[in-house]
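Open the model in your viewer and keep the selection box handy. We will walk through it stop by stop, picking a few residues at a time.

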Amino acid sequence: MQSRIEDTEMADSAQALVGEAIRIAEAMLFAAAEPLDETAIARRMPDGVLVAEVLTQLKADYAGRGVNLIRVGKKWLFRTAADLGWLLSRDEVQPRKLSRAALETLAIVAYHQPVTRAEIEDIRGVAISKGTMDVLIETGWVRLRGRRRTPGRPVTYGTTEAFLLHFGLEAIGDLPGLEELKGAGLFDGRLPQSFAVPLPSDDPALAEDEDPLEGDPQEEFVGRLEGEVEEGEAEGNALDEAEEAARENITESSDDLDDDERF
């Protein structure tokens, strides 16, 4: 009898501890200005409580409410329930629309990451303009991951959490597969028998054939932009010099013609 009472008391104590942990996680998520990482929430949890169980329970508690708890990668946030989104929607003018080339490049990065610029061009069958990848990086949907362990050590690209958040994905694996793409009418005609859509992965860990970037990725991106600007200026200076030389040749030819006319 005494053992049964003790077991009941221990169960009540554990339940109370989990309940307090749920309240703490709820308060943190409501007060957060951006999605919270599980590790940040776990640091505030009472000893002996698993953060995964707490968040799963909290997600279930909010499943039928006006706001839902969702996971994006390894971060959590509250978002308006999908069936109520139309109540809060409003029309906004988009300052910039991605080009078809940018959308195709983004899709290739999402499905084939980590991927280099040369690999993207090989898949698309055409060269990528200098500004296409820069737009995707500035938007925050594509990031510099590392460098491929091949001659020239080209930069590899991958998607970001902002990409998942914008497109409403919990994980990169939620991207549509081949059958879903066919159902949406994105493939017309018969596809080659060997054709397949790769299983996407945005694992933050570097692949076996990747080396880490030297220093801060943002500095690497800015440095690459500056290099492209300097390259453009050098090309412009070369054109100016060529035009000046052409003008001098024309002037010399004109002087020679005048001398011939005098004789």
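Start by selecting arginine 71 and glutamate 170, which form a salt bridge whose closest N and O atoms are 2.8 Å apart. Keep in mind as you zoom in that this is a predicted model. Arginine 71 belongs to strand S2 (residues 67-72), while glutamate 170 sits in the loop between helix H8 (161-166) and helix H9 (178-183), so the contact ties together parts that are 99 residues apart in sequence. Colour the two by accessibility and they come out alike in class: arginine 71 is partly exposed at 28% relative accessible area, and glutamate 170 is partly exposed at 29%. Now add Lys59 to the selection, since Lys59, Arg71 and Glu170 are linked in a network of salt bridges.

**More salt bridges**

How many salt bridges does a search of the whole structure find? The count is 11, and two others are on our route.

For one of them, select arginine 100 and glutamate 104, where the closest N and O atoms of the salt bridge are 3.0 Å apart. Both residues are in helix H5 (residues 100-112), and because they are four residues apart there, about one helical turn separates them. Arginine 100 is exposed, with a relative accessible area of 67%, whereas glutamate 104 is partly exposed at 29%.

Next, pick arginine 148 and aspartate 209, a salt bridge with its closest N and O atoms 3.2 Å apart. This pair links distant parts of the chain, 61 residues apart: arginine 148 is in strand S5 (residues 142-148), and aspartate 209 is in the loop between H9 and strand S7 (210-211). Is arginine 148 buried or exposed? With 7% relative accessibility, arginine 148 counts as buried. Its partner aspartate 209, at 32%, counts as partly exposed.

**Strand S6 and its neighbours**

From arginine 148, move along to strand S6 and select residues 155-159. Five of the five residues in S6 are buried, so the strand is largely enclosed by the rest of the structure. Show the side chains and look at which way they face. In a regular strand the side chains alternate between the two faces of the sheet. Here Val155, Tyr157 and Thr159 point one way, and Thr156 and Gly158 point the other way.

Now bring in the strands that pair with S6. S5 pairs with S6 in the antiparallel sense over five bridges; for one of the contacts, select glycine 146, whose bridge partner in S6 is threonine 156. Strand S4 (residues 115-116) also runs antiparallel to S6, joined by two bridges. To find this contact, select valine 115 together with its bridge partner in S6, tyrosine 157.

Before leaving, look at the hairpin of S5 and S6, which has six residues between the strands. Select glycine 152 there and check its backbone torsions: glycine 152 takes a positive phi near 90°.

**Aromatic rings**

Which kinds of ring contact are worth a stop? A search of the whole structure finds five aromatic pairs. Among them are phenylalanine 30 and phenylalanine 78, which count as stacked because their ring centres are 4.5 Å apart and their planes are at 20°. Phenylalanine 30 lies in helix H1 (residues 2-31) and phenylalanine 78 in strand S3 (residues 75-80), so these rings tie together parts that are 48 residues apart in sequence. Phenylalanine 78 is buried, with a relative accessible area of 18%.

Add Tyr62 to see the wider group, as Phe30, Tyr62 and Phe78 form one aromatic cluster. Then select arginine 65: its charged end sits over the ring of tyrosine 62, 4.4 Å from the ring centre.

**Along helix H1**

Stay with helix H1 and select leucine 17, which lies in it. Leucine 17 is partly exposed, at 35% relative accessibility. Draw a distance from its C-alpha atom to that of methionine 45: the two are 28 residues apart along the chain and are separated by 9.5 Å.

**Last stop: a surface patch**

Finish by switching to a surface view and selecting Leu84, Trp86, Leu87 and Leu88. These form a nonpolar patch on the surface, with about 470 Å² of accessible area together. Tryptophan 86 lies in helix H4 (residues 85-88). Tryptophan 86 is also exposed, with a relative accessible area of 62%.

Key: Residues are numbered from 1 along each chain as its sequence is written. This is a predicted model: local features need pLDDT of at least 70, side-chain atom pairs count only at pLDDT 80 or more; totals for chains, interfaces and linings use all residues. Side-chain values use heavy atoms; hydrogens and water are left out. Patches are made of residues with over 30% relative accessible area and no salt bridge: like charges are joined within 9 Å, nonpolar side chains (Val, Leu, Ile, Met, Phe, Trp, Tyr) within 5 Å. Accessible areas come from the Shrake-Rupley method with a 1.4 Å probe; for residues, only the protein chains shown count as cover. A salt bridge is a side-chain nitrogen of Lys or Arg within 4 Å of a carboxyl oxygen of Asp or Glu. Buried means under 20% relative accessible area, exposed over 50%, partly exposed in between (1.4 Å probe, protein chains only). Two strands pair if DSSP finds at least two bridges between them. Rings of Phe, Tyr and Trp (its six-membered ring) pair if their centres lie within 6.5 Å; planes under 30 degrees apart count as stacked, over 60 as edge-to-face and the rest as tilted. A charge sits over a ring if NZ of Lys or CZ of Arg is within 6 Å of the ring centre and within 35 degrees of the ring normal.
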